[in-house]
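User: I have this chain open on my screen and would like to understand one part of it properly. Please pick one region and walk me through it at the level of helices, strands and single residues.

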Amino acid sequence: PSSKLPDVGTSIFAVMSALANEHQAINLSQGFPDFNCPDELIALVTRYMQEGFNQYAPMPGMPALRHKISEKTEKVYGYRPDPDQEVTVTSGATEALFAAIAAVVKPGDEVMLLEPCYDSYAPAIRLAGGIPIYVPLAIPDFHIDWDLLKRNISRSTRMIIINTPHNPTGAVMPRSDLQKLASLTDGTDILIMSDEVYEHMVFDGQEHVSALQVEGLRQRAFVISSFGKTYHTTGWKIGYVVAPPALTTELRKMHQFITFCSVTPLQLAIADYMDNEAHYRSLPDFYQAKRDLFCELVKPSRFELIPSAGTYFQLLKYDAISQEHDLDFAKRLTQEIGVASVPVSAFYHNKTDHNYLRFCFAKSEETLRQAAERLVTL
Ligand code: PMP
Ligand code: GLN
């Protein structure tokens, strides 16, 4: 059969994790913690399962969880979305992104992506018949080149996708950029999708600015988050979307036919655990300590550290070590020194190589020490 995505292979995250397993390498590639989620969360899931909460959840998400998301959004961002009309629970942020794009992108619509960007955006756009328009972020600090962005807006622009804190670069978007985006889209039909899955991982006293906090953006935005990141449960695949009622209505038309609903006992457990505000309030310090440790350990190496302001990823530039394409280099490091990473070219549609590798530092101190010991030998 002819392929709908002929140029698409297997996602780099699957490729690198498989290679890491094959070579028993330390896996700093795919983003996930190597430590467990809180015991209390596990106990809650077990309790809800035993109590019989093992059937379908309501399509938009368990009411208890949607209420907690609404309350938390108000506490953190000062905006209280209506849990019935503006909050939808999805099977991870991945489903949220796919459903939001499927809901509003029509054949021929253009969707702007700021590269490097997460690998699931473009395939979702193309499957909806849309056309990804790739706008590179400016190297070396990955800020938005506003002239370039403006030049790429056309009458067909349907959506602009942003991601802050940013995977893979760790860049955090300043409030001024979100405000510029609001004025740029004012009076247009352009929608925003704001991928904020790393909202609680921002370092050095900086703050995450959500699209929900910016007048003019909030009214045209799908804001997406994921409990996988916040609660160290990437395997649970529970995420959510906050969007105005009209957009939520369209989103749910897709969600109901993609998965219909997400896992019931997990939603209930997270809803209870969300009362523990200290958990997400302490995440910046928790991950900053890991970033600092990893950076300190890698400093004596020949890698150049690119400052990570957020997420649980650190970029290392390796042009003092090798001129290989980053995919080849990442594979060789996995095989030869036993440390797996993600080549940043995987986040560019034409696989542009800038000699960066992405390392996930959501790992125990021991794992980070072992990995760094190997990296300094290069
Ligand atoms: N967006 C970004 C930027 C991500 O890094 C990830 C997870 N790696 C996702 C979306 C998907 O999140 P989930 O695992 O909840 O589907
Ligand atoms: N978001 C994770 C990362 O960037 C991977 C998610 C996935 O494996 N699809 O590493």
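Analyst: What follows is a close look at domain 1, from its boundary inward to its helices, its sheet and two loop residues.

First, a word on the model and its labels. This is a predicted model, in which local features need pLDDT of at least 70 and side-chain atom pairs count only at pLDDT 80 or more, while totals for chains, interfaces and linings use all residues. Residues are numbered from 1 along each chain as its sequence is written, and chains are lettered from A, with ligands numbered from 1, in the order in which they are written.

The chain splits into domain 1, made of 12-30 + 278-375, and domain 2, made of 55-275; these bounds come from an automatic or database domain assignment. Between the C-alpha centres of the two domains there are 25 Å. Domain 1 brings 23 residues to the contact and domain 2 brings 25, where two residues count as in contact if their C-beta atoms, placed from the backbone, lie within 7 Å.

On the side of domain 1 that touches domain 2, α11 (277-298) and β10 (313-317) each give at least two residues. Helices here are DSSP runs of H or I with at least four residues, strands are DSSP runs of E with at least two, and both are numbered from the N terminus. α11 has the largest share of that side, with six residues. By type, the side holds 14 nonpolar, seven polar and two charged residues. In this scheme Ala, Val, Leu, Ile, Met, Phe, Trp, Tyr, Cys and Pro are nonpolar, Asp, Glu, Lys and Arg are charged, and the others, Gly among them, are polar.

Let us follow α11 and β10 to the sheet. Four strands form an open sheet in the order β9-β10-β13-β12, with antiparallel pairing; a pair is called when DSSP finds at least two bridges between two strands. The edges are β9 (304-306) and β12, and each has a single partner strand, so one side of each is left without a neighbour in the sheet. Further in, β10 and β13 (residues 356-360) run antiparallel and are joined by five bridges. If you want a pair to click on, Leu 316 has Leu 357 in β13 as its bridge partner. α11 lies across β9 and β10, and the helix runs at about 20 degrees to β10. That angle is taken between N-to-C directions on a scale from 0 to 180 degrees, using axes fitted to C-alpha atoms, for helices over the stretch in contact.

Now to the helix at the other end of the numbering. In α1 (residues 12-22), the buried residues include Ile 12, Val 15, Met 16 and Ala 20. Seen down the axis of α1, the buried residues fall within an arc of 130 degrees, so they line one face of the helix; the arc is that of the directions from the helix axis to the C-beta atoms. Buried means that 20 or more other C-beta atoms lie within 10 Å of a residue's own, exposed means 12 or fewer, and partly exposed is in between, with C-beta atoms placed from the backbone. The face of α1 turned away from the buried side carries Ala 14, Asn 21 and Glu 22, which are exposed. Over the buried residues of α1 lie, among others, β1 (26-27), α12 (326-336), β11 (339-340) and β12 (342-343). β12 therefore turns up twice in this tour, as an edge strand of the sheet and as part of the cover of α1.

Two loop residues deserve a look at their backbone angles. Gln 24 follows α1 and sits in the loop between α1 and β1. Its phi is positive, about 50 degrees, although Gln 24 is not a glycine. Gln 24 counts as exposed because it has 9 C-beta neighbours inside 10 Å. The other residue is Lys 351, in the loop between β12 and β13. Lys 351 is also not a glycine, and its phi is positive, near 60 degrees. Lys 351 has 13 C-beta neighbours inside 10 Å, so it counts as partly exposed.
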